[in-house]
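Me: Before I rely on any label attached to an assembly, I would like to see the value behind it set against the rule that grants it. Could we go through one in that way?

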Protein chains: 2
Amino acid sequence: MSAEKPLFPFVTVDVALFTIDEQRVKVLLVKREEAPYAGCWALPGGALKPHLDGTLLDAVHRVMERKLSASLPWVEEVCTFNGANRDPRGWSLSVLHMALFPMDRIQAVAGLRVSEVKWADAELPLEALAFDHRRVLERAVQHLRNSVERGALPLQMLPEKFTLTQLQKTCEIVLGKSLDKSAFRRRLKELHAGDIEEIEGEFERGVQRPAQLWKAVKHRQ
Amino acid sequence: MSAEKPLFPFVTVDVALFTIDEQRVKVLLVKREEAPYAGCWALPGGALKPHLDGTLLDAVHRVMERKLSASLPWVEEVCTFNGANRDPRGWSLSVLHMALFPMDRIQAVAGLRVSEVKWADAELPLEALAFDHRRVLERAVQHLRNSVERGALPLQMLPEKFTLTQLQKTCEIVLGKSLDKSAFRRRLKELHAGDIEEIEGEFERGVQRPAQLWKAVKHRQ
DNA sequence: AGAATAGTGTCTGTCAGACAGTATCGC
DNA sequence: GCGATACTGTCTGACAGACACTATTCT
């Protein structure tokens, strides 16, 4: 019950917010303004505020809306990182969440405060991150990849209207390997018939045969 | 910052401890002695004590050792249950863990304090459980099943020495469906060559051809 | 016509379930 | 030998990757 041995741990949420840009998986990083690790890049996150947040998910949305001025279309709990020694301020418990962000709205975020927020390559975390966020980020990337590997569609990374080729390319970038077009579409028809639907009469045009546009079918998350 | 709106949530660990008995998946329940839900059966668990526990996993082991007089051979974090309203005492965050227990040591636990601890059928949770533990248990069962479905072997539910038929039967009980012997063993050879090994010269004998005994290869968890 | 990409059909090798066959014990 | 279960080999159907073919636009 002394100051060094508090009865409660710090409870925080950390968010790995992923999108796709320049053919790479990107993650949102913020520059820490306060100690510890002031000036270091870190995953966005913040302390749970029981008087404001009904659930941890509420905390995630509250914290991220301040940083994004936009709401998150998809959030998923991944796991916790906890212990007496991972934060110099004391016993901390942080719950990692993975979130997805549409690639066509990157600018709305990146343009905000360039010196404080940036989209970094999620798979080349060259620089040091605050706390144990390097490990945390690795787990989040792994979670994303596993989800797609098991057949989940990262629809929330895409624009509202997208082509199947875009969807496939997104999966390929996440997985880091190329997929067969025919097999990919066969699987879509068999397993994801209820997740996406054609937008009748709308096509993406270019120097080629027009591509059917699709949209995600809204499920409650 | 008032008494009604504390700055910190309760942080607890809950444990779904599974084993196999009478051809069924069983889970350990304890009878609550204190309010709220006094007299109700619940999943074992307890509050994190930052001055005693280096990590949440330490808390799990500390809490369970008091109830089992035995250590847990396998513990895995599953997910959190949290919110302002799930515990009448206030904002609570409990981290669910799944643990496995060897079927040949059930008695060592069940015999302790029969009125306070019992092994209940994990898939027929007929009676009401304290808090939201019914949902919590469902998630834990689902986690166990998913793991085995994806190919994990629930080796920690088995005795130290076991036959492949026992291992297969255990998987079948968890999955709730029968498996093909030939395919099961083929997969063991291909994917789990490093996880189990024969105990040379040791066999399970009965009114039949003796069955080779195997043991789990120790990995750090 | 030719380039470019969308979208589809077919082939084929791989893998997993089905099932039958062989092996080895107790009685 | 018979019952019982351990263990193994082969067949086959489903599925997924490979790849080629057709379709439709712009230039």
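What follows takes up the pairing of the chains and then the DNA strand.

Me: What makes the two copies related as by a two-fold rotation axis?

Reply: In this predicted model, chain B is superposed on chain A by a rotation of 180° with 0.0 Å of shift along the axis, at an RMSD of 0.0 Å. The two copies are therefore related as by a two-fold rotation axis. The same surface serves both copies, since 100% of the contact residues of chain B recur in chain A.

Me: How many residues are in contact between chain B and chain A, and how much area do the two chains bury between them?

Reply: Taking contact as heavy atoms within 4.5 Å, 23 residues of chain B are in contact with 23 residues of chain A. The size of an interface is often given as the accessible area lost when the parts come together; here chain B and chain A bury about 2,000 Å² between them, with 66% of it on carbon and sulfur atoms. On the side of chain B, Phe8(B), Pro50(B) and Trp91(B) lose the most area to chain A, together 26% of what that side buries.

Me: What kinds of residues make up the side of chain B that touches chain A, and which element gives the largest share?

Reply: That side divides into 13 nonpolar, six polar and four charged residues. Although charged residues are present there, the rule, which asks for a Lys or Arg side-chain nitrogen within 4 Å of a carboxyl oxygen of Asp or Glu, finds zero salt bridges across the interface of chain B and chain A. Eight residue pairs are nevertheless in polar contact between the two chains. The largest share of this side of chain B, five residues, comes from β5(B).

Me: How do you know that a side chain such as Arg186(B) is in polar contact with a base of DNA strand C?

Reply: An N or O atom in the side chain of Arg186(B) is 2.8 Å from a base nitrogen of DNA strand C, and the cut-off is 3.5 Å, so the pair qualifies. Arg209(A) qualifies likewise, because an N or O atom in its side chain is 3.1 Å from a base nitrogen of that strand. For Thr165(A), the partner is a phosphate oxygen of DNA strand C, 3.2 Å from a polar side-chain atom.

Me: What surrounds DNA strand C as a whole?

Reply: It is surrounded by 22 residues, with Lys181(A), Ser182(A), Gln212(A), Arg186(B) and Arg209(B) the closest. The residues of this surface divide into six nonpolar, seven polar and nine charged.

Definitions and conventions:
Residues are numbered from 1 along each chain as its sequence is written. Chains are lettered from A and ligands numbered from 1 in the order in which they are written. This is a predicted model: local features need pLDDT of at least 70, side-chain atom pairs count only at pLDDT 80 or more; totals for chains, interfaces and linings use all residues. Side-chain values use heavy atoms; hydrogens and water are left out. Copies are superposed by least squares on the C-alpha atoms of residues with pLDDT of at least 70 in both. Buried area is the accessible area (1.4 Å probe) that two parts lose on being put together, summed over both. A polar contact is a pair of N or O atoms within 3.5 Å; within protein, one must be able to donate a hydrogen and the other to accept it, and residues adjacent in sequence count only if both atoms are side-chain atoms. Helices (H or I, at least four residues) and strands (E, at least two) are DSSP runs, numbered from the N terminus. Ala, Val, Leu, Ile, Met, Phe, Trp, Tyr, Cys and Pro count as nonpolar, Asp, Glu, Lys and Arg as charged, and the others, Gly among them, as polar. A residue is near a molecule or strand if one of its heavy atoms lies within 4 Å of it.
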